[in-house]
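Trainee: I would like to go through the labels used for this model and hear the reasoning behind each one.
Mentor: Then ask about them in turn.
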Amino acid sequence: PPHTHTSTMLTLALFVSTVGVLASSQEPRLVFRKTLVTEIPYTYAAGFPINITLDIHNLGTGSAYNLKTSDPWPRDYFDIEGETTAVFEEIKGNEHHQHNFTVTPRFNATPEKPLLYVRGFPAELQFTLDDEGEEPIRAISSQMRDILVRSNEDYIRLTAKHNTEWAIFSIGMTAAVFGPFVAWVILSRKGGLPNAKPKEE
């Protein structure tokens, strides 16, 4: 009967749809992030290290395999401590892998070139969906900001000013917070505020 044929086709469609949903739910969902950390955020200078962190988060339920990160920095201007590449055999669902290394700018400022400009560039991640390593997938990290590298002397002057401003701010905050309490303690020991005397006529 026609209604039986329609029912069979509908059941088959639902089965195919369900299989598709289950298959997609078992795939990895990778988030690849690159972070730069310095003494003063977003401030870079010759001779002062920059800590690089590459984070891989798998937000899916399936695994990714044969992962390799790569973050090459120009060696003409940076000394590199550690490896700029890392390899992980597998990242399972809801797992997190991290790789760290350090770069230190090498730059001699001149009146004609007081700053070194480095255009931001992402790190690269390669991985596969099976452990056979076939058909690698390429992804890039979150974009790194462009950086301006100061001279060593300029950075020292900047940090000295920065530390002085923080010291002044801290003293001001301390006075604002504890000043009224100290005044209250002093007045309490003296018996409080003096009583008002009636005016003599």
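What follows is a dialogue on a sheet, some aromatic rings and one helix residue.

Mentor: Keep in mind that this is a predicted model.

Trainee: Which strands make up the open sheet, and in what order?

Mentor: The order is β1-β3-β7-β5, four strands with antiparallel pairing.

Trainee: What makes β1 and β5 the edge strands?

Mentor: β1 (30-37) and β5 each pair on one side only. As for the twist, neighbouring strands of this sheet are turned by 25° against each other on average, with direction ignored.

Trainee: How do you know that β3 and β7 are paired?

Mentor: Pairing requires at least two bridges between the strands. Strand β3 (residues 50-58) and β7 have 8, in the antiparallel sense, so the criterion is met. One such position is Thr53, whose bridge partner in β7 is Asn100.

Trainee: What joins β5 to β7?

Mentor: Strand β5 (residues 78-81) is joined to β7 by 4 bridges, and the two run antiparallel. Within this stretch, Glu81 stands opposite Thr102 of β7.

Trainee: Why is β7 described as largely enclosed by the rest of the structure?

Mentor: Strand β7 spans residues 96-105, and 7 of its 10 residues are buried, so the description follows from that count.

Trainee: Turning to the rings, how many aromatic pairs does the structure hold?

Mentor: There are 3. One of them is Trp73 with Phe78, at 5.0 Å centre to centre and with 75° between the planes.

Trainee: Why is the pair of Trp73 and Phe121 called edge-to-face?

Mentor: Two rings pair if their centres lie within 6.5 Å, and planes over 60 degrees apart count as edge-to-face. For Trp73 and Phe121 the centres are 5.0 Å apart and the planes stand at 70°, so the pair is edge-to-face. Trp73 lies in the loop between β4 (64-70) and β5, whereas Phe121 lies in the loop between β8 (116-118) and β9 (124-128), so the pair links parts of the chain 48 residues apart. Trp73, Phe78 and Phe121 form one aromatic cluster.

Trainee: Why does Trp73 count as buried?

Mentor: Buried means under 20% relative accessible area. Trp73 has 4%, so it counts as buried. Phe78, at 2%, is buried by the same cut-off, and Phe121 is buried as well.

Trainee: What makes Lys34 a charge over a ring?

Mentor: The distance limit is 6 Å from the ring centre. Lys34 lies over the face of Phe121 at 3.9 Å from the ring centre. Likewise, Arg145 lies over the face of Tyr42, at 4.2 Å from the ring centre.

Trainee: Why is Leu158 classed as partly exposed?

Mentor: The class covers values between the 20% limit for buried and the 50% limit for exposed. Leu158 has 26% relative accessibility, so it counts as partly exposed. Leu158 is found in helix α2 (residues 152-189).

Trainee: Which residues does Leu158 contact, leaving aside its neighbours within four places in sequence?

Mentor: Leu158 is in contact with Thr43 and Arg150. Its C-alpha is also 9.9 Å from that of Ile40, although Leu158 and Ile40 are 118 residues apart in sequence.

Definitions and conventions: Residues numbered from 1 in each chain as written. Predicted model: local features only at pLDDT ≥ 70, side-chain atom pairs only at ≥ 80, totals over all residues. Heavy atoms only, no water. Buried < 20%, exposed > 50% of the residue type's maximum accessible area, 1.4 Å probe, protein only. Contact = heavy atoms within 4.5 Å. Phe/Tyr/Trp six-rings, centres within 6.5 Å; stacked < 30°, edge-to-face > 60°. Lys NZ or Arg CZ within 6 Å of the ring centre and 35° of its normal. Axes fitted to C-alpha atoms, helices over the stretch in contact; angles between N-to-C directions.
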